[in-house]
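The exercises below are meant to be worked through with the sequence and the coordinates side by side. Try each task on the structure before reading the solution that follows.

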Amino acid sequence: MMQTNNKKGLLFIISGPSGCGKGTVCNELLARNKELKLSISATTRDMRAGEQEGVTYFYITKEEFEKLIEENQLFEYNCGYSGKYYGTPKKYVFDNLDAGKDVILEIEMNGAAKVKEQYPDGILIFLAPPSLEELHSRLVGRGRESAELIAERFNEAKAELQRVDSYDYAVVNDNLIEAVEDIEAIIRAEKLKVKIMSHKVKDLIK
Ligand code: 5GP
């Protein structure tokens, strides 16, 4: 039987419909678990006040980004409404996994599917809103989009809820702390899988 490299970190892909609270949940998860690494995206957009190179994003030129695409160095990428590129570099994720660090990747659902396709060992966690009413009021409440865009996001989100079946775990984000604790429980359970623990147990009889 092929053994996975036990020293390698695990990749947790946290995704869900827009308005499900991915960002808030991931921030809290990372604040409570300093050993987790957050995957950092690359972008061609300008740095905004308060942002930091290599922390918020890796800021690169269009030419550099297109080279990454050509060289297949991105798990996925897209070109936003602004015409700017955003993508997930493989190198940062793999460097951390190889160093034994567990990586959190917060990403919208299409991106999540592309990452899982290329890295099937990635653990897909679906973050669901507690109800459609709550999802709608979160989309309105964040005040980022026009009424038209909110209606579009809301319809998209309803369709996205149907896609839960392709995920490994589902967490309902009703209460922030409970959602974070659920994700911590998933991480803990994944680390106790026999494919990870087997060598530790067998070391006992060496
Ligand atoms: P912002 O410019 O406000 O930081 O981000 C704009 C949008 O780009 C957000 O919706 C964000 O989720 C998306 N985005 C950021 N990084 C990535 C990435 O690596 N891949 C994809 N597909 N979208 C991203």
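**Exercise 1.** Not counting residues up to four places away in sequence, which residues does phenylalanine 154 touch?

*Solution.* The coordinates come from a predicted model, and every value in these solutions is computed from it. Begin by placing the residue: phenylalanine 154 is found in helix H6. Once sequence neighbours up to four places away are set aside, phenylalanine 154 touches Leu132, Leu135, His136 and Leu139. Its relative accessible area is 16%, and because residues under 20% count as buried, phenylalanine 154 is classed as buried. A further distance can be read from the backbone, where the C-alpha atoms of phenylalanine 154 and serine 18 are separated by 8.0 Å although the two residues are 136 apart along the chain.

**Exercise 2.** Describe how helices H5 and H6 pass each other, and say which residues make the contact.

*Solution.* First take the geometry: the axes of H5 (residues 132-141) and H6 (residues 147-161) come within 10 Å and cross at roughly 145°. The crossing of H5 past H6 is right-handed. Next list the participants, which on the H5 side are Leu132, Leu135, His136, Leu139 and Val140, and on the H6 side Ile150, Arg153, Phe154, Ala157, Lys158 and Leu161. Finally sort these residues by character, which gives eight nonpolar, one polar and two charged.

**Exercise 3.** Work out the strand order of the sheet that contains E1, and trace its pairings and the helices that pack on it.

*Solution.* Five strands form this open sheet, in the order E2-E7-E1-E8-E9, and their pairing is parallel. The edges are held by E2 (37-38) and E9 (169-172), each of which pairs on one side only. Now follow the order from one edge to the other. E2 and E7 run parallel and are joined by two bridges, and leucine 38 has isoleucine 104 as its bridge partner in E7. Four bridges connect E1 with E7, again in parallel, and here isoleucine 13 is partnered by leucine 105 of E7. E8 and E9 are likewise parallel and share four bridges, with isoleucine 125 standing opposite tyrosine 169 of E9.

Then add the helices. H4 (residues 109-118) packs on the sheet by touching E1, E7 and E8, and its direction makes about 155° with that of E1. H1 lies across E1, E2, E7 (103-106) and E8, and runs at about 165° to E7.

**Exercise 4.** Is leucine 127 buried or exposed, and which residues is it in contact with beyond four places in sequence?

*Solution.* Leucine 127 is found in strand E8. With a relative accessible area of 0%, leucine 127 is buried. Leaving out neighbours within four places in sequence, its contacts are Ser15, Gly16, Pro17, Cys20, Gly21, Lys22, Val25, Val171 and Asn173. One of these, glycine 16, lies 111 residues away along the chain, yet its C-alpha atom is separated from that of leucine 127 by 4.9 Å.

**Exercise 5.** Which residues of the largest nonpolar core touch the most other members, and which element gives the most to this core?

*Solution.* The largest nonpolar core has 20 residues, of which Phe12, Leu29, Ile104, Ile125 and Ile183 touch the most other members. Two or more residues come from each of E1 (11-15), H1 (22-32), E8 (123-128) and H7 (176-191), and H7 gives the most, with five residues. To see how one member is placed, take phenylalanine 12: apart from neighbours within four places in sequence, its contacts are Asp102, Val103, Ile104, Leu105, Ile123, Ile125, Ile186, Ile187 and Glu190. A second core of 16 residues is separate, and includes Ile13, Phe75, Val103 and Leu105.

**Exercise 6.** Explain why one side of E4 and of E5 is left without a neighbour in the sheet.

*Solution.* The sheet in question is open, has four strands in the order E4-E3-E6-E5, and is mixed in its pairing. E4 (58-59) and E5 (74-79) stand at its edges with a single partner strand each, so one side of each has no neighbour in the sheet. For E5, the antiparallel pairing with E6 (residues 85-89) comprises five bridges, and glutamate 76 has threonine 88 of E6 as its bridge partner. To complete the picture, H3 (residues 90-98) lies across E4, E5 and E6, and runs at about 25° to E6.

Terms used:
Residues numbered from 1 in each chain as written. Predicted model: local features only at pLDDT ≥ 70, side-chain atom pairs only at ≥ 80, totals over all residues. Heavy atoms only, no water. Axes fitted to C-alpha atoms, helices over the stretch in contact; angles between N-to-C directions. Left-handed = near helix turned anticlockwise from the far one by under 90°. Contact = heavy atoms within 4.5 Å. Nonpolar A, V, L, I, M, F, W, Y, C, P; charged D, E, K, R; others polar. Pairing = 2+ DSSP bridges. Core = buried A, V, L, I, M, F, W, Y, C linked by side-chain atoms within 4.5 Å. Buried < 20%, exposed > 50% of the residue type's maximum accessible area, 1.4 Å probe, protein only.
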